[in-house]
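Colleague: Could you pick one part of this model and take me through it up close? Start from a single side chain if you like, and work outwards until I can place it in the whole thing.

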Amino acid sequence: MTTPSFDEQAWQAVISRDKRADGEFVYAVRTTGVFCRPSCASRQPRRENVRFFALPAAAEHAGFRPCKRCHPHQAALSDPRVALAQRMADHLEAHSADGDATSLAALSQTFSYAAGYVQEVFKEIVGVTPHQYVEALRLRQFRHALKSHESVAEAVYHAGYGSVSRAYERASDRLGMTPAQYQKGGPMLDIRYTTADTPLGTLLVAVTERGVCAVGLYDDAQAALSALEREYPQAGLSRQDEALNAVLGDVLSAVMAGAAPAHDLAFDVQATAFQWKVWHALQQIPRGETRTYSQIAHAIGQPTAARAVATACASNHLAVLIPCHRVIGADGALRGYKWGTARKAALLAREAQTEPVAAG
Ligand SMILES: [Zn+2]
């Protein structure tokens, strides 16, 4: 008999709406963007769309919103270290626009623990330092303010960046474009795309004039187009099957048979230096093999960054070309996949069985 993994136990608690598990963890649902306490009475999600987090702040950091029905924030946390991390996260959220109140020294003073301990507990439980947490909060607020059509200057103010230049410096590399471009939804971008039906779903390939900007697998062509529209809300999108035939063929054989692209495929994806580092490491994983998040963290020389590696994997735009599906949990669990865990399993199964095909 093997002991069920944390995820399995957590899932059992969710299925049985076990009140005793409230405060032990929260679960987040990818399709709705909402996270709940285990006992929430709302409709039960499908297992493959669920992620578990030790505390609400970690779920929020990953971009999920608290459920309005079960108020997962208000569940009493059973572990005192987890409770402390959550109180710190609440404090950071309340004061995110105030650089003085969010410093390590201020946290140490507010919660009466040594700065080193404050940092250690927060990092261990939330997965990032308090500083990184505040940066992510600000970026989220900034993004939200830009999308709600505030001027860039107002958005800068509301997100607590202090100055426009600092906002540009901080936000540009994460948004992948300048704030003004982001506000306009990337209007300068001309994106051409095509799709093909595969045994793994509808394959979408999209390119800019500089290179491939999106590759994904979806349930159907409509879902593929919707995903592309969400990613580039105001770019000009045009379907061009014939012009993209060669690129599509390349990507298709890479996805289905592991063939190296016959043409030199340039990528046009915006990313931080850290994301590039992770994605480059992913490209070194041989077909048919897998690595754990922590092995990738070691490979890039940042052994404690396993969670950040997972986040970078989740932000990959180029399915299979950057093989984030080859990274799995240390316990062998698949964890998540942007294009569906079932597809991750199917891709790995294919790769385990078939030899790669030489470029033609
Ligand atoms: Zn709920």
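Modeller: Let's start at Phe25, which is buried, with a relative accessible area of 4%. Bear in mind throughout that this is a predicted model. Phe25 has an aromatic partner in Phe52, and Phe52 also counts as buried, at 13% relative accessibility. The cut-off for that word is under 20% relative accessible area, so both values qualify.

Searching the whole structure turns up six aromatic pairs. In the one formed by Phe25 and Phe52, the ring centres are 5.5 Å apart and the planes sit at 80 degrees, so we call it edge-to-face. As for where the two rings come from, Phe25 is in the loop between α1 (6-15) and β1 (26-29), while Phe52 belongs to strand β3 (residues 50-53). The pair therefore ties together parts that are 27 residues apart in sequence.

While we're on aromatic pairs, Phe122 and Tyr133 make another edge-to-face one, at 5.4 Å centre to centre with 75 degrees between the planes. That one is a helix-to-helix link: Phe122 sits in helix α5 (residues 115-126) and Tyr133 in helix α6 (residues 130-147), so parts 11 residues apart in sequence are tied together. Phe122 and Tyr133 are both buried too.

Back to Phe52, because its strand, β3 (residues 50-53), leads into a sheet. Four strands make up this open sheet, ordered β3-β1-β2-β4, with mixed pairing. The edges are held by β3 and β4 (65-66); each has a single partner strand, so each is left with one side that has no neighbour in the sheet. Strand β2 (residues 34-36) and β4 run parallel and are joined by two bridges. Across from Phe35, the residue in β4 is Pro66.

Now stay with β2, since the strand covers residues 34-36 and that brings us to the metal. The zinc ion is coordinated by the SG atoms of Cys36, Cys40, Cys67 and Cys70, at 2.3 to 2.5 Å. The angles among the four donor atoms run from 103 to 125 degrees, and the site is tetrahedral. Along the sequence, the donor residues follow the spacing C-x3-C-x26-C-x2-C. Two of these donors have their burial worked out: Cys36 is buried at a relative accessible area of 4%, and Cys40 is buried as well, at 3%.

That's the zinc end. For contrast, here are some other pieces of the chain. Strand β5 (residues 190-198) is joined to β6 by seven bridges, and the two run antiparallel. They form a hairpin with two residues between them, and Ala196 has Leu203 in β6 as its bridge partner. On the other side of the pairing list, β6 also goes with strand β7 (residues 212-218), again antiparallel, over six bridges. There, Leu204 is matched with Gly216 in β7. The hairpin of β6 and β7 has four residues between the strands, and Gly211 in it takes a positive phi near 160 degrees. Strand β6 (residues 201-207) itself is mostly covered, with seven of its seven residues buried.

Among the helices, α4 (residues 104-111) has Ala106, Leu107, Ser108 and Phe111 as its buried residues. Some of that pattern fits the usual rule: an α-helix has 3.6 residues a turn, so residues three or four places apart point the same way. Just past the end of α4, Ser112 takes a positive phi of about 55 degrees. Further along, Ala310 is found in helix α14 (residues 306-314); at 29% relative accessibility, Ala310 counts as partly exposed. Its C-alpha is 9.2 Å from that of Arg335, a residue 25 positions away in sequence.

To place all this in the whole, the protein has 15 helices and 10 strands. Of its 360 residues, 47% are buried. Its accessible surface comes to about 17,900 Å², and carbon and sulfur atoms account for 52% of that. Finally, take the contacts between residues at least 6 apart in sequence: 59% of them join residues at least 24 apart. The Phe25 and Phe52 pair we started from has that kind of separation, with its parts 27 residues apart in sequence.

Notes: Residues numbered from 1 in each chain as written. Predicted model: local features only at pLDDT ≥ 70, side-chain atom pairs only at ≥ 80, totals over all residues. Heavy atoms only, no water. Buried < 20%, exposed > 50% of the residue type's maximum accessible area, 1.4 Å probe, protein only. Contact = heavy atoms within 4.5 Å. Areas by Shrake-Rupley, 256 points an atom, 1.4 Å probe, with all protein chains shown as cover. Donors = N, O, S within 2.8 Å, 3.2 Å for Na, K, Ca; no water. Tetrahedral: all angles 85-135°; square planar, octahedral: opposite > 155°, others 65-115°. Phe/Tyr/Trp six-rings, centres within 6.5 Å; stacked < 30°, edge-to-face > 60°. Pairing = 2+ DSSP bridges.
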